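Here are a few exercises to work through with the model open in your viewer. Try each task before you read its solution.

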Amino acid sequence: MRTNQASGAALPQMSNESFLTLFMVGVLAVIFAIACLVVPNFFQARNVLNIVTNNWFIIILGIGVTFLLITGNFDMSVGGVIALTGVLSVWFCQGANVSQNVLANGLGLPYILAVGLALLCAVGIGAINAFFIARLKVPSIIITLGTMMLARGIAQIITHGAQRNTSLPDEFGLVGTAALPGTNIKISVLVMVVLVLLAFVFEKMTVSGRRIYLIGANSEASRLSGVKVGRHLASLYMLSALLAGITGILLASEYKAGVSNRATGYEFDALVIALLGGVSIAGGFGSVLGMFVGAIILSVVTSAATGLLLSPDWQFTIKGVVTFLAILAQRFALDRRK
Amino acid sequence: MGPVAPQKAAWASKEQEGKTVSRTSQESVRGRLERSNALRANIKRVYIYVFLVLIVAIFSVAKLGQVEMFGRGHFLSPNSIVNLLRSAVPIMTLAGAFTLLMISGYIDLSVGSAMSLAAVVFALMIRSGASLPASIAGVLVMGIALGAINGFLVMKLRITPVIATLVTLNLYKGIALLIVPDGLSAIKGTAEAPMPAWINDYARKDVLLGLPWAFYVALLVIAALVILQRKTIIGKYAAAIGGNRTAAELSGISAVKMVWILYAAVGAFAALAGISRASYMSLGDPLSGDNMELDCIIAVLLGGTAFSGGEGSVAKTIVGALIIMCVTTGLMTVIPAYWQTVAKASVLLIAVILNHLLVRVKA
Amino acid sequence: MNRNLRALTFVMAIVLAVTMIPAAVAQAKPLKIAFFVSDLSNVFHQAQFTEAKKYAKAKYNADVYAFDGKSDGAVMTQNVDQIVAQGMDMATLHIWDGEAAKPGILDALKNGVIVTSFFSPIADTGIPTARSDEAGISFDMGKQMATQWKKAFPGKSIVMVQLGWPNHTEVQSGRTAPFVKGVLSVDPKATNLGCQDASKGADAAKQIVTDLVTQHPEVNLIYSESSNLTVGVMAALSQAGRGKFANGKPLTEIVCSVDFDEVEMKSVYDPNSSLKLSMGLPPVETARGRIDLMFDIKNGKVAKTSQPAAEKFYKAYTVSFWSMPRPEAVKWLNTQFGTSVK
Amino acid sequence: MELTDNVLEIRDLVKDFPSVRAVNNVSFDIKRNTVHCLVGENGAGKSTLIKILTGADQRTSGNIRLNGAEYAPRSTKDAKLKGISTLFQELNVVDQLTVEENLSLGMEDTTLGFLRRTDKTKRMVEAMNSLEPSIKPRQLVSSLSVAKKQIVEIAKAVATESDIIIMDEPTAAISEGEIKRLFKIIKGLRERNVTVIYISHRLDEIFELGDYVTVMRDGKHIDTRPISQIKDRGELVKLMIGKTVFEQYTLKEGACKDPILEVRGLSNQKLNDICFDVHPGEIVGFYGLVGAGKTELARAIYGADSYGGEIRFKGRRLPNSPDKVIAAGIALVPEERRSQGLFTILTIRSNVPVMNMRKISRAGFIDGSRERKISQEYIEKLRIATSSMEKETRKLSGGNQQKVVLAKCLFADADLLMLDEPTRGIDVGAKSEIYAIIRRLSEEGKAIMIFSSELPEVVNICDTIYLLYDGSLKETIRNGCDLDSEKILHTVTGGA
C-alpha cells in the first residue's frame with residue numbers, strides 16, 4: 001500500500017496498473033468498513049492479522065499464477081502440484097517396512113532429501129506444462145487442467161486415494177508448525193511475506209521481471225526485440241510449479257499428512273485473487289501487489305461470512321457475486337478511463 | 001563502396017542456376033507436404049473411431065478370465081451397454097453444443113454450473129406441482145438466459161471467455177446452492193413436500209431397448225446439432241468466425257450476434273442435460289454438474305475440434321464423449337478406483353497431442 | 001462420405017474380431033462384491049475397504065471392488081447402476097441419496113444381486129442395513145464435554161460449534177444433532193453457533209476456526225466431525241494461542257473428533273491438549289460386519305428384503321481421556337488399523 | 001428517376017487522423033460502367049479514401065453521392081447492401097471452409113436456415129473457374145496457394161451483384177495467367193453494368209484495363225482523366241510523384257571497406273536466391289511493391305523466418321534466431337509497428353531499453369535512474385512529442401510511436417540497422433526528422449538497410465538501391481549515377 005501512495009502522488013500520469021490497484025484498495029476499504037459495521041468483533045488487531053495470514057498458501061500460489069497471467073497464460077495445475085508434492089514428501093520420508101499397512105510404509109529417506117526430491121517432481125510437472133505450452137503452443141488452460149489431473153492422479157495412486165500420515169519422523173512437522181520466536185506467526189506466513197516481497201522486487205526491478213510484461217504486452221514484438229519468449233515462459237511455469245511445491249511441502253508438514261485431495265480448487269482461488277487484484281489476461285498488466293490486495297479482499301469476505309455464521313451456500317454465493325461485481329467494476333472503471 | 005557492376009554479372013548466372021535448383025527442391029518439398037497432409041487428413045478422419053474400438057477391445061478382453069463373453073459383467077453385455085449409454089446422456093448433450101461454440105473459437109466453462117442450476121430448478125418445479133412440459137419449458141428458458149448472460153459478458157463487455165465464464169461458473173453454482181434449503185444437500189422429496197415418483201420416468205423408464213426417453217431425446221437433439229453444423233448457416237458461420245473472424249465480418253456476418261446465439265444454445269443444452277440428470281436422480285443436486293466442463297473439453301478435443309476454432313465435428317465429439325464414459329465405467333473393476341484420475345488425464349493429454357499433430361494441416 | 005463408410009466397416013471388423021476371441025473357460029469364479037464407500041479419500045473408509053478385501057478373500061474367497069462415491073451424490077447413484085453392469089453378485093451400499101438410487105437397487109435385486117446398505121436405511125426398498133451407532137456416541141461425547149466444562153468453570157456458560165457437513169442429512173442425524181442434544185442434556189441454556197461447512201477439508205476448517213475464535217472468542221465446545229478436519233481445527237487453535245489443557249483441566253475449550261486414528265491418539269491422551277475425545281469407528285469390525293451381513297442373506301439367515309428393513313448396528317466407541325484408559329485405546333487402535341502404537 | 005451519368009460523386013472529402021490529414025479536400029466523379037483506376041504513391045491517401053467508401057472508416061467532412069443519393073455507409077455490410085463491395089488487400093478467406101463455402105459466405109440462399117445449393121452458388125463457381133479452372137469447389141481453402149486464395153476472393157467480389165466493386169491491388173500476389181483471366185472478367189463486368197474502382201501499382205495494368213484514372217498525391221486529388229488522354233507511363237509517373245523529391249540526395253564518397261553483411265543465395269518460400277553485400281556507413285535501399293519480398297527479406301536476415309543460403313555478418317555466419325542476431329549487432333524496425341515493434345500498453349520508459357536491457361541493468365537488476373535518464377535522452381534526441389516518459393505508447397501519434405520504435409533499435413547499439421517501411425503513415429515533418437537520424441547514423445559508420453515501397457524515400461537517402469520483384473533481386477542502382485525513376489517503376493512493376 002505504501003507504493004500505491006507513491007504512485008498516487010503522480011496522479012495525473014498514473015498508469016492503468018496503479019489505478020486499478022488503487023481502485024481495488026478502495027474496494028477493499030469499503031468492504032472492510034462494511035464488515036466492521038456488520039460483524040461483531042471484526043475490528044480488532046488480532047482479526048486483521050488473521051485476515052492477512054489465513055491465506056498464505058493461496059498467496060504463494062498467486063505469485064506464480066500472477067506472473068503467468070501477465071504473460072497471457074494460465075496455470076491451473078497448482079492445486080494438483082500441492083497434493084502431489086505433499087504426498088511425495090510424506091512417502092519419501094515414511095519409514096521403510098515398518099508396518100503391514102501399505103500406507104504406513106515409505107522409502108525412509110531423510111527429510112531434507114525427501115523435500116528436495118518432491119520439489120524436483122513439482123518442477124517436473126512445470127516442465128511438462130512448459131513443453132506443451134512453449135514448444136507445442138497448446139492453449140495453457142487446457143494443458144494445465146490436464147497436468148492438474150495428472151498430478152492429483154499420481155498423488156491418489158500413491159495414497160490409494162486417501163492419505164499417508166503415519167510413521168513419519170518428528171522433524172517432518174517442524175517447518176509447518178513452528179512459529180517465529182515470541183509470536184504466533186508461523187514460518188509459512190513468513191515464507192509467504194518473503195516470497196511476496198521477492199516477487200515484487202523481481203517483477204518491478206529485474207530484467208527478467210520486465211520481460212514478463214513485455215511478453216504479455218506483445219509476444220511477437222518481444223521475440224523481435226530479442227526476448228527468448230519460449231524459454232522465459234518455460235521458466236515461469238517451472239517457477240509456478242516450484243512455488244506450488246513449496247506450498248505443498250509446508251501444508252504437508254503443518255498437518256503431518258500427505259492428502260491426495262488436498263488443495264482441490266486452489267487453482268481457481270489463485271486465479272480469482274489475481275483477477276480481483278486487477279491482473280489482466282489480455283496481458284502485460286497487473287502486479288503481485290494487486291494480487292495480494294485481491295487475496296485480502298477475498299479473505300475479508302470469507303472471514304466476515306464466517307463471523308456472521310452464514311450458511312455455506314451464502315458464503316459461496318457471496319464470493320461468487322463479489323468476484324462477478326469486481327470484474328465488472330474493473331471493466332467499467334477501465335473503460336471510463338479511456 | 002563495393003564493386004557493384006561485376007557482382008551484378010555474377011548474380012545473373014547464379015540466378016539462373018539457383019532458380020532451377022530451388023524450383024525442383026520446392027516442388028519436391030511441396031509434394032512431400034501434400035503427401036503428409038493427405039496422410040494426416042486420413043488419420044484425422046478415422047482416428048477417433050479407432051480409438052473407441054481400441055478402448056472397447058481392451059476393456060472387452062480385460063476381464064475375460066473372470067466373466068464370460070457378453071455375460072453379465074462383461075463390458076459388452078447388453079446391460080453394461082445400456083447403462084453406459086444411459087449415463088452418457090448429460091455429457092453427450094452438453095458436449096454437442098459445446099463443440100459448436102469451440103468451433104467458433106469460444107469456450108464456456110460455466111456449462112457444469114448451468115447444468116446443476118437447471119437440475120435444481122427442474123426438481124423444485126416438479127416438486128411444487130408444475131407439470132412436466134411446463135417445467136421443461138421453464139428450465140429451458142432459464143438455460144437460454146444463463147447462456148445469454150455469458151454471451152453478454154464475452155461479446156458485449158469483451159471479457160476474455162475463460163474469465164467471464166469462470167466467474168459465472170461460481171455465480172450459477174452459488175445460486176443453485178442457495179436455492180437448496182439449509183440442511184439439505186439437494187432438492188428432494190421431504191415428508192411435507194414429496195417428490196412425484198414420475199419424475200424419473202424421463203431418464204429412467206425403459207421405452208425401447210432398455211433405454212429411456214432422455215436418451216432418445218438426447219439422440220434427437222444431437223442429430224439436430226449434427227445437421228445444424230453440417231447443413232445450416234449456423235454451422236457454417238460458426239466455422240467462419242472461428243477460422244477468420246475478420247473475413248466473416250467483412251462478408252456481412254455479425255460475429256457478436258452469432259456467438260451470442262451459440263452461448264445461449266449452450267445454455268439451453270446445459271438445461272437439457274440438467275433436466276435429464278435431475279430426472280435420473282429424482283432430485284436436484286446443486287453439485288451434479290461439477291467438473292462437467294472438463295469432460296466437455298476432453299470430449300471436444302478428442303473429437304478433433306481445433307483449439308483455436310474453425311473446424312470440428314459434433315458427431316466426433318459424441319464419440320469422444322463415449323470414450324470418456326467407457327474409460328470411467330470400463331475401468332471401474334479393472335483397476336483400482338484411485339487410478340481413474342490418471343487415466344482420464346492421460347486421455348486428455350493424448351487428445352491434446354493428437355490434436356496438435358493432426359489438426360494443423362500446413363499449406 | 002465413402003471413406004467414412006469404409007472407416008466404419010473397418011471399425012466393425014475389429015469389433016467382431018475382438019468378440020470372436022474365444023472366452024477363456026471360466027473356472028470356479030469367485031463371487032464379486034461391490035463395496036461402496038462415500039469417499040475413498042477418508043482414512044476410515046480406506047481402512048474399511050482394505051480390511052473388507054482381505055477378509056472376504058480369506059473367509060469367503062470373494063473379490064471385493066471399491067465403488068468410490070467421491071463425496072458426490074451423482075457418482076454414487078451411477079455407481080448403483082453399475083452393480084449389475086459390472087456383474088457384481090453382492091453389493092453393500094454407502095450412498096447419500098437413497099431416493100435417487102432406488103431404481104438402481106430394485107433393478108439389482110431383480111437381477112438376483114444381494115444388496116445391503118451401510119450407514120443409512122434406503123427408503124422403502126426393504127434391504128437390510130448395517131450401521132454404526134454414531135448418534136449414541138455423539139450424544140455421549142456432547143454430554144461428557146459439557147459435564148467436564150461445567151466441572152471446571154461452573155460459572156461460564158457453554159457456547160458450542162460444529163464443523164462438518166451442514167447440508168448432509170446423515171451427518172446431521174448421526175453427529176451434529178445428537179451432539180447438541182448431549183450438551184443440552186447437561187446445560188439447557190448452552191448457546192449453539194451451528195454447524196459450519198468445512199467440507200473442503202483441513203484448510204477450510206483451520207480458516208473457519210481462526211476466524212471464529214477471533215470473532216467469537218467465547219466458543220468453548222468444538223465438535224470436529226472428521227479426523228481430517230481436526231488437524232485443521234487444532235492448528236488454528238494453537239495459532240490463536242489456545243488448544244491447551246493444564247494438566248488434564250480445560251483452559252479455553254474442549255474439542256472432540258471422529259475417526260480416532262494414530263495421530264489423534266497422541267493428543268487425546270496428552271494432558272496438555274484440548275482434544276480430548278473422539279468417536280472410534282472400527283474399520284475392521286465394520287468391514288467384517290458389512291461382508292458378513294451379505295453372506296448371512298446368501299445363507300438364508302437374514303431375509304433379502306423385509307418391511308420394515310432389518311437393521312444391524314455395529315458398535316462405535318467413545319474414545320475419551322476421561323472414560324477410556326489409554327492402554328485400552330492403544331489396543332483398540334492397533335487391532336482396528338493394523339498399526340503398532342505403543 | 002433517370003440515373004445520372006456519374007455513379008459516384010465525391011465532393012470536398014476530408015479525413016483527419018490525430019497527426020495527419022490523410023485525405024485533403026478531394027473531389028472527383030466516377031462514371032457509370034467504367035473501370036476507374038486510382039493511382040498514387042504509398043501514403044497518397046488512396047487506402048483511406050477506399051476505407052471511407054467501404055464504410056470501414058468515417059469521413060471527417062465532405063459529401064459522397066451514390067447514384068445521386070447521399071451515401072454514408074456505417075459498416076462494410078451497409079456498404080455492400082448499398083451496392084459497393086470490396087476486394088481487400090489482406091487475405092479475407094476462411095481457411096477451414098471449402099472454396100464453395102467461401103464464395104457464398106454471407107450471401108447464402110437458405111430455407112429456414114438450411115443451406116441450399118442454388119444457381120447463385122453455381123454461378124459463383126463458374127465465375128471462379130473462368131478465372132482459374134484448376135480450383136475445385138469442394139476443395140478446402142487451406143490447401144490452396146496464396147495466389148489461388150486471392151482468386152477465390154476475387155471471384156467472390158465479382159459474383160456479388162453490386163453497382164461498384166472496389167479492387168485494392170488484386171494482382172499483387174497472382175501469376176501472369178491468372179492476371180490475364182482476371183482482366184477478361186473485369187472487362188466483362190462493364191457490360192454487366194458494374195463499375196470497377198481499380199487500385200494498382202502496376203501501371204501497365206492501368207493502361208490495359210482502365211477507362212479513367214485518378215491520381216492522388218499527399219492526400220490531395222491531382223487529376224482525373226480518361227486514360228486515352230495520357231500519353232504514356234512516363235506522364236502518369238510524373239503525375240504520381242511530382243517533381244521535387246529527387247534533389248536532396250548528395251553523393252557520398254567513402255573508403256572501400258570490407259562488407260559488414262554478406263548475403264549469398266538466400267531463398268525461402270517467398271525469396272529466390274538473393275545475393276548482396278552491405279558495407280559499414282552505407283545506406284542500402286530495397287525498393288519494390290507490396291508483396292515483392294521486402295519484409296520477408298528483412299525477417300529472414302533477422303532470423304525471424306527460416307531460410308536457405310548463407311548470411312555472414314562481420315565475417316561470421318549469422319545464427320537463425322532474433323535474440324542471437326540482436327546480440328551479434330543487428331536491429332530491426334519492423335513493418336507493423338503496433339503489432340511487431342511496440343509494446344503499446346507500456347510506457348515510453350519501458351519501451352526504449354527493451355533491446356539492450358544489459359545496458360541499464362546491473363546483475364539482472366534494472367537501474368531505474370539510468371533507465372529514466374536514457375529514456376529522457378532519447379525523447380530529446382529523437383524529439384518525441386510527449387508530456388512525460390510515463391505515457392503509454394498507444395496514446396502517442398503514429399510518428400512518435402515510430403520514433404519510440406526507432407529509439408528502441410538505436411539503443412540496441414547495433415552496427416547494422418534494418419528499417420522496414422520506416423515512414424509509413426507518418427506525416428512529412430516526422431519523416432524528414434527520421435531521414436536526418438538515418439543519415440547521422442550512417443555518418444557514424446553504421447550500416448543501414450531500408451525496405452520501402454516509397455520511391456522518393458529510397459531515392460532520397462540510399463546510396464545503393466536494389467529493386468525487388470517477386471522475391472528476386474532485379475537490378476542494382478548506385479544512387480546519384482544512373483537514376484531513372486521511370487525505369488525503376490518499370491522494373492518493379494514487372495516490366496522486363
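**Exercise 1. Find out how D:Lys314 and D:Asp415 are paired, and how open each one is to solvent.**

Step 1: D:Lys314 has a relative accessible area of 46%, so it's partly exposed (buried is under 20%, exposed over 50%, partly exposed in between, with a 1.4 Å probe and protein chains only). D:Asp415, at 28%, is partly exposed too.

Step 2: D:Lys314 and D:Asp415 form a salt bridge, with the closest N and O atoms 2.4 Å apart (the rule wants a side-chain nitrogen of Lys or Arg within 4 Å of a carboxyl oxygen of Asp or Glu).

Step 3: D:Lys314 sits in the loop between strand 16 (308–313) and strand 17 (316–317) of chain D, and D:Asp415 in the loop between helix 14 (398–411) and strand 21 (416–420), so the pair ties together parts 101 residues apart in sequence. Helices (H or I, at least four residues) and strands (E, at least two) are DSSP runs, numbered from the N terminus.

A word on ground rules: this is a predicted model, where local features need pLDDT of at least 70 and side-chain atom pairs pLDDT 80 or more, while totals for chains, interfaces and linings use all residues. Residues are numbered from 1 along each chain as written, chains are lettered from A and ligands numbered from 1 in written order, and side-chain values use heavy atoms, leaving out hydrogens and water.

**Exercise 2. Locate the partners of the D:Arg138 to D:Glu100 salt bridge, and say whether each is buried or exposed.**

Step 1: The closest N and O atoms of D:Arg138 and D:Glu100 are 3.6 Å apart.

Step 2: D:Arg138 lies in the loop between helix 4 (119–131) and helix 5 (146–159) of chain D, and D:Glu100 in helix 3 (residues 99–104), so parts 38 residues apart in sequence get tied together.

Step 3: D:Arg138 is exposed at 59% relative accessibility, whereas D:Glu100 is buried at 10%.

**Exercise 3. Work out which chains the salt bridge of D:Arg299 and A:Glu220 links.**

Step 1: Their side chains meet at 3.6 Å, N to O.

Step 2: The pair crosses between chains, from helix 9 (residues 294–302) of chain D, home of D:Arg299, to helix 11 (residues 219–224) of chain A, where A:Glu220 sits.

Step 3: D:Arg299 is buried, with 15% relative accessible area; A:Glu220 is partly exposed at 26%.
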